[in-house]
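Visitor: I would like to go through this model and ask how each label is earned.
Guide: Then look at the sequence and the structure while we talk.

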Amino acid sequence: MKEVRIHTVEDIYEGRLRGNQLMASGIPLTPESARLLWASARMAEVTWLDLADNQLGDVGLLELADCDLLANVQYLNLNRNGVTDEGLTYLSKAKYLTKLKRLHLKNNLIEGLGILNLFNSETLKNLSTFQIHDGWTCKKMDGWRYNPQG
């Protein structure tokens, strides 16, 4: 597997930006390299943001939550990013992610409080589906559902 070196935002976009979808999983994105994205005007067009298998952690999530260029994001994949309840609490207060509908959080360091904060968020009113662990999905209208995968 080719090691990805990130020096510019174009290093992130190369082969990963397809229309309104950014598939930036596993490249590895850190809070420092993600700042290139948060400062890029092209992010205003992105509605599907896949950041799985990176190293954003809570610091990266705090900066993502404060990025006004992400106002059109409807799908956000944060699987395997070292995110904790603290990061999810930041996300629950995100004033620009008002169009977010679906959030994937599998294989993070979540204990529960962050999920409750997301569920009760005053700003993420359109967030209707959370995927927390393999098989476990929460839909705000229906409650928790377990659908074994495999």
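Visitor: Which residues have the most contacts inside the largest nonpolar core?
Guide: The model is a predicted one. In the largest nonpolar core, which has 39 residues, those with the most contacts are Leu51, Leu64, Leu78, Leu91 and Leu118. The elements that give two or more residues to this core are helix 1, helix 2, helix 3, helix 4, helix 5 and strand 6.

Visitor: What makes up the protein chain as a whole, in helices and strands?
Guide: There are five helices and eight strands in the protein chain. Read from the N terminus, the order is α-β-β-α-β-α-β-α-β-α-β-β-β. The chain has 150 residues, of which 46% count as buried. Among contacts with a separation of 6 or more, 73% join residues 24 or more positions apart.

Visitor: Why are helix 2 and helix 3 called roughly parallel?
Guide: The axes of helix 2 (residues 31-38) and helix 3 (residues 57-65) cross at roughly 15 degrees. Angles under 35 degrees count as roughly parallel. Helix 2 and helix 3 therefore earn the description roughly parallel. Their axes come within 9 Å, and the crossing is right-handed.

Visitor: Which residues make that contact between helix 2 and helix 3?
Guide: Helix 2 brings Pro31, Arg35 and Trp38, while helix 3 brings Val59, Gly60, Glu63 and Leu64. By class, the residues of this contact are four nonpolar, one polar and two charged.

Visitor: How do you know whether Leu37 of helix 2 is buried or exposed?
Guide: Buried means under 20% relative accessible area. Leu37 has a relative accessible area of 0%, so Leu37 is buried. Leu37 lies in helix 2. Not counting residues up to four places away in sequence, Leu37 touches Val9, Ile12, Tyr13, Leu22, Leu29 and Met43. Leu37 and Thr8 are 29 residues apart in sequence, yet their C-alpha atoms are 9.1 Å apart in space.

Visitor: What makes helix 3 and helix 4 roughly parallel?
Guide: The axes of helix 3 and helix 4 cross at roughly 0 degrees and come within 8 Å. The limit for roughly parallel is under 35 degrees, and so helix 3 is roughly parallel to helix 4. On the helix 3 side of the contact are Asp58, Leu61, Leu62, Leu64 and Ala65, and on the helix 4 side are Glu86, Gly87, Leu88, Tyr90 and Leu91. The contact of helix 3 with helix 4 has seven nonpolar, one polar and two charged residues.

Visitor: Why is helix 4 described as largely enclosed by the rest of the structure?
Guide: The description is used because six of the eight residues of helix 4 are buried. The buried residues are Asp85, Gly87, Leu88, Thr89, Leu91 and Ser92. They pack against helix 3, strand 5 and helix 5.

Visitor: How do you know on which side of the cut-off Thr89 falls, buried or exposed?
Guide: Thr89, in helix 4, has a relative accessibility of 18% and so counts as buried. The cut-off for buried is under 20%. Leaving out residues up to four places away in sequence, Thr89 touches Gly114 and Asn117.

Visitor: What is Tyr90 called at a relative accessible area of 27%?
Guide: Tyr90 is also found in helix 4. Partly exposed covers values between the 20% and 50% limits. With 27%, Tyr90 is therefore partly exposed. Apart from neighbours within four places in sequence, Tyr90 is in contact with Asp58, Leu62 and Ala65. Tyr90 and Val59 are 31 residues apart in sequence and 9.6 Å apart in space, C-alpha to C-alpha.

Visitor: What makes the phi of Arg80 worth a remark?
Guide: Arg80 has a positive phi of about 50 degrees although Arg80 is not a glycine. Most residues other than glycine have a negative phi. Arg80 lies in the loop between strand 4 and helix 4. Its relative accessible area is 35%, so Arg80 is partly exposed.

Visitor: Where is Asn107 found?
Guide: Asn107 is in the loop between strand 5 and helix 5. Asn107 is not a glycine, but has a positive phi of about 60 degrees. At 44% relative accessibility, Asn107 counts as partly exposed.

Methods. Residues are numbered from 1 along each chain as its sequence is written. This is a predicted model: local features need pLDDT of at least 70, side-chain atom pairs count only at pLDDT 80 or more; totals for chains, interfaces and linings use all residues. Side-chain values use heavy atoms; hydrogens and water are left out. Axes are lines fitted to C-alpha atoms, for helices over the stretch in contact, and angles run from 0 to 180 degrees between N-to-C directions. Helices (H or I, at least four residues) and strands (E, at least two) are DSSP runs, numbered from the N terminus. Angles under 35 degrees count as roughly parallel, over 145 as roughly antiparallel, 65 to 115 as roughly perpendicular and the rest as oblique. A crossing is left-handed if the near helix is turned anticlockwise from the far one by less than a right angle, and right-handed if clockwise. Contact means heavy atoms within 4.5 Å. Ala, Val, Leu, Ile, Met, Phe, Trp, Tyr, Cys and Pro count as nonpolar, Asp, Glu, Lys and Arg as charged, and the others, Gly among them, as polar. Buried means under 20% relative accessible area, exposed over 50%, partly exposed in between (1.4 Å probe, protein chains only). A nonpolar core is a set of buried Ala, Val, Leu, Ile, Met, Phe, Trp, Tyr and Cys residues joined through side-chain atoms within 4.5 Å.
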